[in-house]
Amino acid sequence: MRILLVEDEKDLASIVKQGLEEEGYVVDVAHDGEEGLYMAENFPADALILDIMLPLMDGLTVLSTMRKKGITTPVLLLTARDALLDKIKGLDTGADDYLTKPFVFEELLARVRSLLRRKATVKEAVVRIADLEINTASHEVKRGGKTISLSAKEYALLEYLAYRKGNVVTRTDIVEHIYHEDTDMDSNVVDVYINYLRNKIDKDFKPKLIHTVRGAGYMLKEEE
Ligand code: CA
């Protein structure tokens, strides 16, 4: 999943970026409101973490401008303590949630996960497909009750497919939402990772859950 973080405090931005990347997310950072709006408009993000107090354009203006332009990316606002008016304005402007600074990183993570589920076909923290179980909070994956260990990238890909279970996910979707900009779009990186996943998720189990949809992409589903 791709997250856009708009935060002008560089230390905080880099800590949050690093923490999110350790969880397998791809993170783009903007350090002012204008850059944030530009990135929200031009790069597909699955969620936006938006600070309110920003140089050049404040977060609430970024939010109202992007909503007017029809950008529906879920937004988590970062507000100052006791800024009740900001919270109310933020929710009325189209924010999905807010978090008061200073915050504990685990809470930010939980709120981001909840935001990501809003647009997903699955609403629970644990996604189940046949006997495959993906705990999106702990990142624990089990099949047939057996724990399967995945790398952060393999997990990110599986989670992306799982949140869209029953729907075709194109290779472009995968490259845009799971990999960094510098990934060579022509490379077979997606096929390579799909193969890694198949070896771990499908090889020793029945039925196969990761399906290739010819000419379109991939789909995680129970039925053949
Ligand atoms: Ca700020």
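A crossing of two helices is right-handed if the near helix is turned clockwise from the far one by less than a right angle. That term is needed at the first stop of this tour, which runs through a predicted model.

**Stop 1: helices α1 and α5**

Select residues 10–22, which form helix α1, and residues 105–118, which form helix α5. The two helices pack with their axes 11 Å apart, at an angle of about 60°. Angles from 35 to 65 degrees fall outside the roughly parallel and roughly perpendicular ranges and count as oblique, and α1 and α5 are therefore oblique to each other. Turn the view until one helix lies in front of the other: α1 passes α5 in a right-handed crossing.

**Stop 2: L115, inside α5**

Keep α5 on screen and pick L115, which has its place in that helix. Is L115 buried or exposed? L115 has a relative accessible area of 0%, and because buried means under 20%, L115 counts as buried. Now add A13 to the selection. L115 and A13 are 102 residues apart along the chain, and their C-alpha atoms are separated by 19 Å.

**Stop 3: H177 in α7**

From L115, go to H177. The C-alpha atoms of these two residues lie 15 Å apart in space, with their positions 62 residues apart in sequence. H177 belongs to helix α7, residues 171–178. Its relative accessibility is 9%, so H177 counts as buried.

**Stop 4: helices α2 and α3**

Select residues 33–42 for helix α2 and residues 59–68 for helix α3. How are these two helices set against each other? Their axes cross at roughly 25° and come within 9 Å. Angles under 35 degrees count as roughly parallel, which makes α2 roughly parallel to α3. The crossing of α2 past α3 is right-handed.

**Stop 5: L56, in the loop before α3**

Step back along the chain to L56, in the loop between β3 (47–51) and α3. Look at the backbone here: phi of L56 is near 70°, a positive value in a residue other than glycine. With 62% relative accessibility, L56 counts as exposed, because the cut-off for exposed is over 50%.

**Stop 6: A130, between two strands**

Another positive phi is found at A130, where the value is near 50° and the residue is again not glycine. Which elements flank A130? A130 sits in the loop between β6 (126–129) and β7 (132–135). Its relative accessible area is 33%, so A130 is partly exposed.

**Stop 7: the cis bond at P102**

Select K101 and P102 and show the backbone atoms. The peptide bond that joins them is cis, with omega about -5°. P102 is part of the loop between β5 (97–100) and α5, the helix seen at the start.

**Stop 8: the cis bond at P207**

Move to K206 and P207. What form does the peptide bond from K206 to P207 take? The bond is cis, with omega near -5°. K206 is in the loop between α8 (189–201) and β11 (210–213), and P207 lies in the loop between α8 and β11 as well. The relative accessibility of K206 is 74%, so K206 counts as exposed. For a distance check, add K165: from C-alpha to C-alpha, K206 and K165 are 17 Å apart, and in sequence they are 41 residues apart.

**Stop 9: V192 in α8**

Go back into helix α8 and select V192. At 27% relative accessibility, V192 lies between the cut-offs of 20% and 50% and so counts as partly exposed. Add T100 to the selection: the C-alpha atoms of V192 and T100 are separated by 41 Å, with the two residues 92 apart along the chain.

**Stop 10: the largest pocket**

End at the largest pocket, whose volume is about 200 Å³. Which of its 16 lining residues should be selected to find the centre? The closest to the centre are A45, D46, T73, P74 and K119. Then colour the lining by class: 10 residues are nonpolar, 3 are polar and 3 are charged.

Key
Residues are numbered from 1 along each chain as its sequence is written. This is a predicted model: local features need pLDDT of at least 70, side-chain atom pairs count only at pLDDT 80 or more; totals for chains, interfaces and linings use all residues. Side-chain values use heavy atoms; hydrogens and water are left out. On a 1 Å grid over the protein atoms alone, a cavity is a set of points where a 1.4 Å probe fits but cannot get out, and a pocket is an open set with protein on both sides within 12 Å along at least five of seven lines; lining residues have an atom within 4 Å of a point. Grid points are joined across faces, edges and corners, and a volume is the space filled by probe spheres set on the points. Ala, Val, Leu, Ile, Met, Phe, Trp, Tyr, Cys and Pro count as nonpolar, Asp, Glu, Lys and Arg as charged, and the others, Gly among them, as polar. Helices (H or I, at least four residues) and strands (E, at least two) are DSSP runs, numbered from the N terminus. Buried means under 20% relative accessible area, exposed over 50%, partly exposed in between (1.4 Å probe, protein chains only). Axes are lines fitted to C-alpha atoms, for helices over the stretch in contact, and angles run from 0 to 180 degrees between N-to-C directions. Angles under 35 degrees count as roughly parallel, over 145 as roughly antiparallel, 65 to 115 as roughly perpendicular and the rest as oblique.
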